[in-house]
Amino acid sequence: MYHVPILAQSIIDALNVKKDGLYLDCTLGGGGHSRAILEAGGKVVAIDRDDDAIEYCRATVSGDITYIKGQYENAASLLSERGITEVDGAVMDLGVSSHQLDEASRGFSYMHDGALDMRMDRSQTLTAYDVVNGYSLEELTDIIRRFGEESFAHRIASAIVKRREVKPIERTVELAELIRSSVPYRKSGHPAKKTFQAIRIEVNGELKGLFDAIKSIFSLIKSGGRLCILSFHSLEDRIVKAAFSDFATDCICPKRLPVCVCNHRAIGKTVLKLKPSQQEQQQNPRSTSATLRVSEKL
């Protein structure tokens, strides 16, 4: 299967899909969430930056669905170009798809040998090869520490710089083995997991503008509609939580001010936070780190 949708039924239940209602799938992937919305009677406008995802779904998904090649950061303008100014609900499935991980040629996985690529949109120029072989020691250390939350960031970055002085690092397995040999033994998880995550986030700018993108997408949702977001690591989830908190907060003035001068008013309320069940985690191990948060438009 191209991609196994996580918490699909919970998301459909949270969206309260209306017959002929229009729903935005900000991250099409394998079309699992779009397909579930269509089966529940809704219509879908779906965005993805990956041509493979759109091509796959055109061939396998049936129903009233419109495909848009682009990034969810630009959802408002992409929809406006098609005469769409509001939707009944939206879903964002952040991170990387199963297909991208499992397809060795995409270069996302430390488990499959492939060229260092990691681009979700293969029309962009920056690749994992460029990051690994072109970033300075300081830059590599910074992104591995910030985006991978890796305690051995400097040690890993130093090993990369030392190796590439001999010859460029070109393959995923080559990088994974270099990382494995440069850090202490770990009982759980592959030692390259956090570094690969960090490089992928850097290549695709996954956290850049995420907060503003969530706010922009929420602005498209009708009153009573809901935004469902799946995040897969703490960096994403913190941003989602902060955005939802902003939606649910009235005054955001500094506490030292005696009266409100910001005129900020709550526009949403958080209605659900959910983790996959033990059964789903066993059936789909990649769901283990997922967190679903849902906010309803006031």
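## Asn 263 and its loop

Asn 263 sits in the loop that runs between α12 and β6. This is a predicted model, so treat what follows as a tour of computed geometry. The phi angle of Asn 263 is near 60°, a positive value in a residue other than glycine. Asn 263 counts as exposed because its relative accessibility is 62%, and the cut-off for that label is over 50%.

Val 259 is also found in the loop between α12 (234-247) and β6 (268-274). With 56% relative accessibility, Val 259 counts as exposed. Together with Leu 257 and Val 261, Val 259 forms a nonpolar patch on the surface. Those three residues have about 260 Å² of accessible area together.

## Another positive phi: Asn 16

Back towards lower residue numbers, there's Asn 16. Its place is in the loop between α1 (8-15) and β1. Asn 16 has a positive phi of about 50° although it is not a glycine. As for cover, Asn 16 counts as partly exposed, at 46% relative accessibility.

## Thr 27, a buried loop residue

Thr 27 belongs to the loop between β1 (22-25) and α2 (32-39). Is Thr 27 buried or exposed? Thr 27 has a relative accessible area of 14%, and buried means under 20%, so Thr 27 is buried.

What does Thr 27 touch, not counting residues up to four places away in sequence? The list is Ile 47, Asp 48, Tyr 72, Val 91, Met 92 and Asp 93. Of these, Ile 47 and Asp 48 can be placed in β2 (43-48), a strand that comes up again with the next helix.

## The two sides of α3

Helix α3 spans residues 51-60, and its buried residues are Ala 53, Ile 54 and Cys 57. Why do these three end up on the same side of α3? They cover an arc of only 95° around the axis, which puts them on one and the same side of the helix. What do the buried residues of α3 pack against? Their partners are β2 (43-48) and β3 (65-69).

Turn α3 around and the picture changes. The face turned away from the buried side carries the exposed residues Glu 55, Arg 58 and Ala 59. There's also a polar detail at the start of α3, where a side-chain oxygen of Asp 50 reaches to within 2.9 Å of the backbone nitrogen of Asp 52.

## His 112 and its neighbours

His 112 is found in the loop between α5 (98-102) and α6 (128-134). His 112 has 30% relative accessibility, so this residue counts as partly exposed.

Leaving out residues up to four places away in sequence, His 112 touches Leu 101, Asp 102, Ala 104, Thr 172 and Val 173. One of those partners also comes with a backbone distance: the C-alpha atoms of His 112 and Asp 102 are separated by 7.4 Å, with the two residues ten apart along the chain.

## Lys 208 and a long-range pairing

Lys 208 lies in the loop between α10 (193-204) and α11 (210-219). At 67% relative accessibility, Lys 208 counts as exposed.

How far apart are the C-alpha atoms of Lys 208 and Glu 73? The separation is 9.4 Å, although the two residues are 135 residues apart along the chain.

Technical notes. Residues numbered from 1 in each chain as written. Predicted model: local features only at pLDDT ≥ 70, side-chain atom pairs only at ≥ 80, totals over all residues. Heavy atoms only, no water. Helix = DSSP H or I, 4+ residues; strand = E, 2+ residues; numbered from the N terminus. Buried < 20%, exposed > 50% of the residue type's maximum accessible area, 1.4 Å probe, protein only. Contact = heavy atoms within 4.5 Å. Arc of directions from axis to C-beta. Polar contact = N/O pair within 3.5 Å; in protein donor to acceptor, adjacent residues only side chain to side chain. Patch = residues over 30% accessible without salt bridge, like charges linked within 9 Å, V, L, I, M, F, W, Y side chains within 5 Å. Areas by Shrake-Rupley, 256 points an atom, 1.4 Å probe, with all protein chains shown as cover. Salt bridge = Lys/Arg side-chain N within 4 Å of Asp/Glu carboxyl O.
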